[in-house]
Amino acid sequence: MKETIQRDAFKFSVGRAIFCSIPECGVILDWKRAAEFSACKGDKYVSIKVFCADCADRVRPSIEAKLTDLGMRLEVIDGRKL
């Protein structure tokens, strides 16, 4: 049940974003080839961005490093793994 709710919420998030968050990319998103990055501070979500799979793989290490420096953590939902 939890997986179904998470998948449906992820589909909604991808549908709202429509395009990859990297402006130079501009790929139209498909939930099966997208990833949602949530920046969290404590129990609160500070920012949520959706990327195509290629951009997500490319930017994840730098985003994780920056958030760690700021005392935050990154939660990732990857459509390829749902």
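**Group meeting: a look around Ser 21**

Okay, let's start with one residue: leaving aside anything up to four places away in sequence, Ser 21 touches Lys 49, Val 50 and Phe 51. Bear in mind that this is a predicted model.

So where does Ser 21 sit? You'll find it in the loop between H1 and S1. One of those contacts has a bit of detail to it: a polar atom of the Ser 21 side chain lies 2.7 Å from the backbone oxygen of Val 50. And is Ser 21 buried or exposed? Neither, really: its relative accessibility is 31%, so it counts as partly exposed, since that label covers whatever falls between under 20% and over 50%. If you'd like another distance, take Ser 47, which is 26 residues from Ser 21 along the chain; their C-alpha atoms are 12 Å apart.

Now stay in that loop, between helix H1 (2-17) and strand S1 (34-41), because Ile 28 is there too. Ile 28 is exposed, at 62% relative accessible area. Together with Ile 18 and Phe 19, Ile 28 makes a nonpolar patch on the surface, and the three share about 310 Å² of accessible area.

Let's zoom out. The protein has two helices and three strands, and from the N terminus they go α-β-β-α-β. The radius of gyration is 12 Å, close to the 12 Å from the globule rule for 82 residues, so the protein is as compact as a globular protein of that length. Its C-alpha trace spans about 35 × 30 × 20 Å along the principal axes.

Last bit, the surface: about 5,700 Å² is exposed, with 55% of that from carbon and sulfur atoms, while buried residues make up 32% of the 82.

Conventions:
Residues are numbered from 1 along each chain as its sequence is written. This is a predicted model: local features need pLDDT of at least 70, side-chain atom pairs count only at pLDDT 80 or more; totals for chains, interfaces and linings use all residues. Side-chain values use heavy atoms; hydrogens and water are left out. Patches are made of residues with over 30% relative accessible area and no salt bridge: like charges are joined within 9 Å, nonpolar side chains (Val, Leu, Ile, Met, Phe, Trp, Tyr) within 5 Å. Accessible areas come from the Shrake-Rupley method with a 1.4 Å probe; for residues, only the protein chains shown count as cover. A salt bridge is a side-chain nitrogen of Lys or Arg within 4 Å of a carboxyl oxygen of Asp or Glu. Helices (H or I, at least four residues) and strands (E, at least two) are DSSP runs, numbered from the N terminus. Buried means under 20% relative accessible area, exposed over 50%, partly exposed in between (1.4 Å probe, protein chains only). Contact means heavy atoms within 4.5 Å. A polar contact is a pair of N or O atoms within 3.5 Å; within protein, one must be able to donate a hydrogen and the other to accept it, and residues adjacent in sequence count only if both atoms are side-chain atoms. The radius of gyration is taken over C-alpha atoms; the globule rule is 2.2 Å times the number of residues to the power 0.38.
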